[in-house]
Amino acid sequence: ALELDPNQSEALAAKAWMTQLLQGDWEAAGKLYERALAYRENSIAMVSYAIFYLYHIDRAQQAIRLLNDAEKRDPLQAGYKANLANLLLWSGSVEAAIQKAKEALELNPQHVFALMALIEAYGVAEDCSPAIAIVENLPMALQQEPRISSRVALCYASQGEYPRARKIYMDVVENTPSSHGILIAAQLALSLGDLEEAIDLMEREVENNSWTRFWIRSYFRKNEAVNKHPRYLALLKRIGLDDESVA
């Protein structure tokens, strides 16, 4: 695509993403994203830059602005609203995340990322009853989706229902492919008191070259049990997201 058009926006964004994933060169990737947006403010490039890049280098507000712009361009795209819900949640705007996830689900009641955001947001708000009710009304295939079931298990763990949480955790760890809930399972391991096992799961994502490894910094760097652990710090260095590299 870039041989045909060196400034093709989607192709530049795709190359940027692969540069992060395969080479760990975030500086080069950032320049590719900027080229993609300088040529034409394409929604795909905007969303990729926000979700896969800006948020992970501590530029969450810029990421949210880009996603807001993408949503305005296509207000009937549930995926933009779902991604925005997740960014708002991770940035601490829990009520706004719940509202945006609900807007996405009005457009697509079975949108996995919107469901993920809504369930996790209710858990953060320590209001697990609505989250569990939502999941109980989903088709069984979605109830068993590891990115959803793991978040329900986090709710159970927060309520002290550790046997139920651990049962889901074991099922996810034993039966889930890379990038489909393993990092949430690592969060669940921490909630169950299994620090070393949580880091084992993070290392598994890195070894499998999974794109979800970008979230190792975002999910865990504020967790006091993890953020000074030598294995965790080594993982951040390996994927180019240690504090020095991000700065």
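Select H3 and H5 and look at how they cross: the crossing is left-handed, as the near helix is turned anticlockwise from the far one by less than a right angle. You're in a predicted model, where local features need pLDDT of at least 70, side-chain atom pairs count only at pLDDT 80 or more, and totals for chains, interfaces and linings use all residues. Residues are numbered from 1 along each chain as its sequence is written, and side-chain values use heavy atoms, with hydrogens and water left out.

The two axes sit 11 Å apart at an angle of about 20 degrees. That makes H3 roughly parallel to H5 (angles under 35 degrees).

Now show side chains. From H3, pick Ser43, Ile44, Val47 and Ile51; they meet Tyr80, Asn83 and Leu87 of H5 (contact is heavy atoms within 4.5 Å). By class, that contact has 5 nonpolar, 2 polar and no charged residues.

Stay on H3, residues 43–52, and turn on a surface: 9 of its 10 residues are buried (under 20% relative accessible area, 1.4 Å probe, protein chains only). Among them are Met46, Tyr49 and Phe52. The cover includes H1, H2, H4, H5 and H14.

Next, click Asn42, which caps the N-terminal end of H3, with a side-chain oxygen 2.8 Å from the backbone nitrogen of Ile44.

Last stop: H13 (residues 195–207) and H15 (residues 230–238), whose axes come within 10 Å and cross at roughly 15 degrees. This crossing of H13 and H15 is left-handed too. Select Glu196, Asp200 and Glu203 of H13 with Arg231 and Arg238 of H15, which are among the contact residues. The contact of H13 with H15 has 5 nonpolar, no polar and 6 charged residues.

Methods. Buried < 20%, exposed > 50% of the residue type's maximum accessible area, 1.4 Å probe, protein only. Helix = DSSP H or I, 4+ residues; strand = E, 2+ residues; numbered from the N terminus. Polar contact = N/O pair within 3.5 Å; in protein donor to acceptor, adjacent residues only side chain to side chain. Axes fitted to C-alpha atoms, helices over the stretch in contact; angles between N-to-C directions. Nonpolar A, V, L, I, M, F, W, Y, C, P; charged D, E, K, R; others polar. Parallel < 35°, antiparallel > 145°, perpendicular 65-115°, else oblique.
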